[in-house]
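Here is a short guided report to read beside the model. Keep the sequence and the 3D view open as you go.

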Amino acid sequence: MDFISKNPANLSEIVAKTSGSTSAQIISALERAKNAQRKWAAIPAPARGRVIANVGRLVEKNKENLSKLVTKEMGKVFKEALGEVQEVIDTCDFFLGEGRRLYGQTVPSEMPNKNLFTYRMPVGNVFIITAGNFPAAVPSWYIIPALLAGNSVVWKPSEFTPAVAQALTKLFHAGGIPEDLLITVVADGATTFEAMESGLAKGLVNKIGFTGSTEVGRRIGAKAGEYVQSACLELGGKNPMVVMPDANLDLALDGALFAGFGTAGQRCTSLGTLWLHESIHDEFLARYSKVVSAAKVGDPFSDVLYGPMISEKYLENHLKHLEMIKSHHKVSGSTATGRITKANPREGFVGDPESGIFAHPVIVSGLRSDDELYRTETFGPLVTVGKFKSLNEALELSNGHGYGLSSAIYTRDPENVWRFREEISAGMVSVNNSTSGAEAHLPFGGNGKSGNGSRQSGIWVLDQFTRWQSMNWDWSNKLQKAQMDTVELAHNPDFKI
Ligand code: UN1
């Protein structure tokens, strides 16, 4: 099966035609990568770090072109694409130094003349499956630390962004990563799942990294569990933004605009529900509706808030979510909903809406916790808005749907901040900042329906791609038995002053 990726802002432009792999071909890629891993792991970590440094420099040199390709194939605005590629560079910058650390520990023994140590060992061969919304940055969060730690990688990118995947893979190879150590395959979901299962059964897959929907993540996690493995799962979100009455409302407005509609709402960190305190609800909603109505949508290479949906599939899902709007809801932010066309126009649209897959922004207010929209990740230009009376209620509403990826609170009161931080179930908390736009060296990941507790980025991701090995070295020349032959010092347990 061949995959044709089209420019979602201009469907007549074919960005890449890629031949898809069969399950057998993916398994053979897994075998090749697995065979290449030992040799790579034997290279000292600082030398592996220097290869990551080379990759980072090459990506930096190619930043403009790679970013253009991201915008062309996936549709995010060019400025965001530059940011996405910068995130790859930042990740290389972080991990090139980790090659000189990758610390283990020396640990005191309970017996004399015995030394204890810990080492980080690579897990082996890693199978990475990623989504189309961040075709370069999110894969790099897996690939870079996995390689640095001495693993091999087979990467299955989104079938909507094979050109970005091929370009990025070439940059890795040009930077000195052996070709068999990082192999990119393109396939549909069913083929990928089948190959993943065989790979697990044959011992060719030692770790799975998956970014995508909760539904698929659940299946992958279950399959990994059957083979006594735990996948690194980065799943959906229904990210709350809570605006307290004392908040800087101008700031909150900027945050809600970017988090809700940047990348056409297609980030896992995009704003899900805006929770507004009842005392500012009407005023804030009116201002939000006004700025969203005025925002420019269209050609992602021009100065717009957002461009097209990633593909028709994403638009179809968005249209399904529009059907969840009920009579007790109020819709604002646009003169229409659904696909932007000549017959269903958006004022101020930049370019020709019919040439691509563009959708109207939608604000749905009057959200209730028994609404389908309350517990559904919408992954498109749709923000739900609800009202609360107290921080307690806001927290209950923010946690109640079971997702727990990103969250935000806008307030000037530190007491609100500390309570929110402590009680929100999300893995990531923003204070007076948008739900999206995490920096590349803080732990990234979620809880509940958003993930199984695994974290990417920074030092924390190393726990996904290495396993601790402990070593004890007894040089006493006799068998010292732990817990039995230990040194006991005399003391007086009945002593009182
Ligand atoms: C994603 O949508 O899968 O925090 C990741 C952010 C980006 C990454 C999003 N740095 O919004």
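## A covered strand

How many residues of strand 11 are buried? The answer is 7 of its 7 residues, so strand 11 counts as mostly covered. Please keep in mind throughout that this is a predicted model.

Strand 11 has strand 10 (residues 239–243) as a parallel partner, and 5 bridges join the two. If you would like a place to start looking, V243 stands opposite L276 in strand 11.

## The seven-stranded sheet

Strands 10 and 11 belong to an open sheet of 7 strands with the order 12-13-14-11-10-16-17 and mixed pairing. Its edges are strand 12 (330–332) and strand 17 (428–431), each of which pairs on one side only. On average, neighbouring strands of this sheet are turned by 20° against each other, with direction ignored.

At one end of that order, strand 16 (residues 406–410) runs parallel to strand 17, and 4 bridges join them. Here I409 has V431 in strand 17 as its bridge partner.

## Two domains and their contact

The protein chain is divided into domain 1 (2–235 + 451–472) and domain 2 (239–439). Taken over C-alpha atoms, the centres of the two domains are separated by 30 Å. Contact between them involves 16 residues of domain 1 and 18 residues of domain 2.

On the domain 1 side of this contact, the elements that give two or more residues are strand 2 (10–19), helix 3 (63–74) and helix 4 (78–98). Strand 2 gives the largest share, 3 residues. By class, the residues on this side divide into 7 nonpolar, 6 polar and 3 charged.

## Around the ligand

Where does the ligand lie relative to domain 1 and domain 2? Both domains give residues to the shell around the ligand, so the ligand lies between them. The residues around the ligand are N133, F134, V138, T211, R267, C268, T269, S436, G437 and A438. That shell has 4 nonpolar, 5 polar and 1 charged residues.

## Strands 5 and 6

Strand 6 (residues 152–156) is another mostly covered strand, with 5 of its 5 residues buried. In a regular strand the side chains alternate between the two faces of the sheet. In strand 6, S152, V154 and K156 point one way while V153 and W155 point the other way, and all are buried.

Strand 5 pairs with strand 6 in the parallel sense over 5 bridges. One position to pick out in this pair is I129, which stands opposite K156 in strand 6.

## A three-stranded sheet and a loop beside strand 4

Another open sheet is formed by 3 strands in the order 3-4-19, with antiparallel pairing. Strand 3 (106–107) and strand 19 (466–474) are the edge strands, and each pairs on one side only. Strand 3 and strand 4 (residues 114–122) pair in the antiparallel sense over 2 bridges, and V107 stands opposite L116 in strand 4.

Follow the chain on to V123, which lies in the loop between strand 4 and strand 5 (125–129). Is V123 buried or partly exposed? V123 is partly exposed, because 18 other C-beta atoms lie within 10 Å, whereas the buried class needs 20 or more. Leaving aside neighbours within four places in sequence, V123 is in contact with N151, N206, K207, F465, T466 and R467. For a sense of scale, the C-alpha atoms of V123 and D299 are separated by 43 Å, and these two residues are 176 residues apart along the chain.

## Two residues with positive phi

Most residues other than glycine have a negative phi. A264, although not a glycine, has a positive phi of about 55°. Look for A264 in the loop between helix 9 (249–261) and strand 11 (271–277). A264 is buried, because 31 other C-beta atoms lie within 10 Å.

S457 also has a positive value in a residue other than glycine, with phi near 75°. S457 lies in the loop between strand 18 (447–448) and helix 14 (462–465). Why does S457 count as buried? S457 has 20 C-beta neighbours inside 10 Å, and a residue is buried at 20 or more.

Methods
Residues are numbered from 1 along each chain as its sequence is written. This is a predicted model: local features need pLDDT of at least 70, side-chain atom pairs count only at pLDDT 80 or more; totals for chains, interfaces and linings use all residues. A residue is near a molecule or strand if its C-beta atom, placed from the backbone, lies within 6 Å of it. Ala, Val, Leu, Ile, Met, Phe, Trp, Tyr, Cys and Pro count as nonpolar, Asp, Glu, Lys and Arg as charged, and the others, Gly among them, as polar. Domain bounds come from an automatic or database domain assignment. Two residues are in contact if their C-beta atoms, placed from the backbone, lie within 7 Å. Helices (H or I, at least four residues) and strands (E, at least two) are DSSP runs, numbered from the N terminus. Two strands pair if DSSP finds at least two bridges between them. A residue is buried if 20 or more other C-beta atoms lie within 10 Å of its own, exposed if 12 or fewer, and partly exposed in between; C-beta atoms are placed from the backbone. Axes are lines fitted to C-alpha atoms, for helices over the stretch in contact, and angles run from 0 to 180 degrees between N-to-C directions.
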